[in-house]
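Q: Hey, can you walk me through this structure? I'd like to get the overall picture before we get into single residues.

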Amino acid sequence: MSILDLITLLIFLAAVFTLINITVLKLPSTIGLMAIALMMSVAILLAGYIFPSVTRGAEHIITEFDFKEVLLGVMLNFLLFAGALSVDLKKLLEERVAVLVLATVGTLLSTFIVGTLVYYIFPVLGVEIDYIFCLLFGALISPTDPIAVLALIKKFGMSKNLEIKIAGESLFNDGVGVVIFLTILGIAQSTYGGAEAAHGAHGAGEITASSVAILFGQEVVGGVLMGAIFGFLGFRLLNFIDNDHVELEVLVTLTLVMVGGRLAELIHVSGPLAMVVMGLFIGNEGRDEKLANATGEYVFKFWHLLDEALNAILFILVGLEMIVIANTFSPTSFLVGGAGILIVLTARFIGVSLPIKAMSIFRTFEPKTIIILTWGGLRGGISVALALSLAEFTWMEPVIKETILFTTYCCVVFSILVQGLTMGFLLKD
C-alpha cells in the first residue's frame, strides 16, 4: 500500500469509529476509539484462525505503517503544540513548583522504582532481565501521556488547580521521560552494543556521569530555550499579521511546529519540550486581553480540529497494534503483563506521594490529590512507540524486546480502558 492509501484507510476508520462511538458506545473519545480498535483487532485475530490470510494481511498493513516513526517523527509535535495551546498559563505558573517537581523528580523516582521491582519480580515469573533493561522499561512507561491525559480531563470535571497539575505534569514529563529513556538506552548500548555503540544516542561513545549530565542538560534546557525563542518570534509575527489573513496565521503556526521539530532533531534538543513551551507561549499570550488580537480564533479552531483528528488516528493505531503484538502472546506473558501493571501503578503512587508529601510542608494540596494523580496518570501511544523503537537494536535479545513491548502494551491498554473509564468515580465526593 502507498502512503496515501494508508492515510486514506486511517481517516476512513477514524470517521467510522467516531460515528460508532458517538451513536452507540457514547464513551470519551480516546477510550471509545481505542476500545473499538481493540475489538476490531480481536475480531481479525479470531478470523485468522479460519482464514489465515486475513490476519497476515492486517499485520502487513500495520507493520508497513511504522507506528514509532509516525508518532515520534510526525504526530507528536503537532499533538503537543495543540495540547499546550489550551492550557491556562497563569494557572500553570501558580502550580509551577508542583508541576516541575512531579515532571522531573516524580518521573525519575518512578523510573528507578519500576526498574528495581521488575528486576526482582519478573524472574519469579520466569523472565530474567538485566537491570539496565528494567530501567529502560521504567523510563518509557513512567511518563504519563499528555495526549491521553488532556483528552481525559476535558471529559471529567475537576478543580482547576488539580486539572493544571495533571495537564502540566503530563506535558512536561513526556519530554523529560524521553530524555531519560535516551540516556539509559545510550548506557545500555555502550555496554551491550559492541560495534553498534558508536552509533548510540546522538552518536555518543563511552557513557560517563558527566556525559549523561551534558546530554540531559542539552536536551531539556535546549528544548525549553528553543521553544521560548520560537514562541516569542512566532507570537510577534502573529501580532504583526492582520487577523483578516487567517490562512497566513494558520500557516505560520504550522511552519513553527514543522521547522521547530526538524531543527530540534538536528541540533539534538528535546522537540517535545520545545513544542510544549512554544504552544504555551503563543496560546496564552494570544489570549491575553491586551494582546487578544495577536492570535486569531481561527488558529485555535484549526489546532483544535487537528488535535481531535490526530487523537482519533493515534488511538486507533494503538488499538490495532495488538494484531502485531499478538505474536508474543503466551500464558507467561499475561502473568508478566499483569505484574507490570501492578508495578507501574505502585511506582506511580510512590513517585507522586513522596514529592507531594514533601511539598505539603510548605503548601496545601486538594483532597485526594495523590490518588487522583496516581489513577489519572494514563499511559498512551508514546510508551508504545518507544517500546517499538527497541526492535531496531540487534544487540538486544529478542525475548527482552518482546517482554518490554508486551508489558508496555498491557499497561497502556489498562490505563486507557480501566483507569480512564473509572476516573469519574474518584472525582465524586
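A: Sure, and one term first: a residue counts as buried when its relative accessible area is under 20%, and as exposed when that area is over 50%. Also keep in mind that this is a predicted model.

Q: OK, so what share of the protein chain is buried?
A: Buried residues come to 55% of the 429 residues in the protein chain.

Q: And how many helices and strands does the protein chain have?
A: There are 18 helices and zero strands. The radius of gyration is 21 Å, close to the 22 Å that the globule rule gives for 429 residues, so the chain is as compact as a globular protein of that length.

Q: What does the C-alpha trace span along its principal axes?
A: About 60 × 50 × 50 Å.

Q: What part of the contacts joins residues 24 or more positions apart?
A: If you take the contacts with a separation of 6 or more, residues 24 or more positions apart account for 82% of them.

Q: Switching to the surface: how much of it belongs to carbon and sulfur atoms?
A: The accessible surface is about 18,900 Å², and carbon and sulfur atoms hold 70% of that.

Q: What about charges, how many positive and negative side chains are there?
A: The chain carries 22 positive and 34 negative side chains, with the centres of the two sets 10 Å apart.

Q: Let's zoom in on helix H1. What should its 23 residues span?
A: At 1.5 Å a residue, helix H1 (residues 3-25) should span 33 Å, and its end C-alpha atoms are 31 Å apart, which agrees.

Q: Which residues in H1 are buried?
A: Leu6, Leu10, Leu13, Ala14, Phe17 and Asn21 are. Their cover includes helix H2 (29-50), helix H3 (52-64) and helix H13 (297-320).

Q: What comes just after H1?
A: Lys26, with a positive phi of about 55 degrees. Lys26 sits in the loop between H1 and H2.

Q: Why point out a positive phi?
A: Because most residues other than glycine have a negative phi. Lys368 also has a positive value, with phi near 65 degrees.

Q: Are those two lysines buried or exposed?
A: Lys26 is exposed, as its relative accessible area is 61%. Lys368 counts as partly exposed at 38%, and it lies in the loop between helix H15 (331-359) and H16.

Q: What about Thr369, where is that?
A: Thr369 is in helix H16. It counts as buried at 3% relative accessibility. Setting aside neighbours within four places in sequence, Thr369 is in contact with Leu162 and Ile356.

Q: And Gly377, where does that one lie?
A: Gly377 is in the loop between helix H16 (369-375) and helix H17 (381-389). Being in a loop doesn't settle the matter of burial, though: at 1% relative accessibility, Gly377 counts as buried.

Q: What does Gly377 touch, neighbours within four places aside?
A: Thr144, Arg348 and Gln419. As for Asn161, it is 216 residues from Gly377 in sequence and 16 Å away in space, C-alpha to C-alpha.

Q: Last one: is Phe137 buried or exposed?
A: Buried, with a relative accessible area of 3%. Phe137 is part of helix H7 (residues 131-141). Leaving out neighbours within four places in sequence, the contacts of Phe137 include Val114, Val118, Val344 and Ile404.

Q: And how does Phe137 sit relative to Ala228?
A: They are 91 residues apart along the chain, and their C-alpha atoms are separated by 31 Å.

Conventions: Residues numbered from 1 in each chain as written. Predicted model: local features only at pLDDT ≥ 70, side-chain atom pairs only at ≥ 80, totals over all residues. Heavy atoms only, no water. Helix = DSSP H or I, 4+ residues; strand = E, 2+ residues; numbered from the N terminus. Rg over C-alpha atoms; globule rule 2.2 N^0.38 Å. Buried < 20%, exposed > 50% of the residue type's maximum accessible area, 1.4 Å probe, protein only. Contact = heavy atoms within 4.5 Å. Areas by Shrake-Rupley, 256 points an atom, 1.4 Å probe, with all protein chains shown as cover. Lys, Arg positive; Asp, Glu negative; His and termini not counted. Charge placed at Lys NZ, Arg CZ, Asp CG, Glu CD. Expected span 1.5 Å × (residues − 1).
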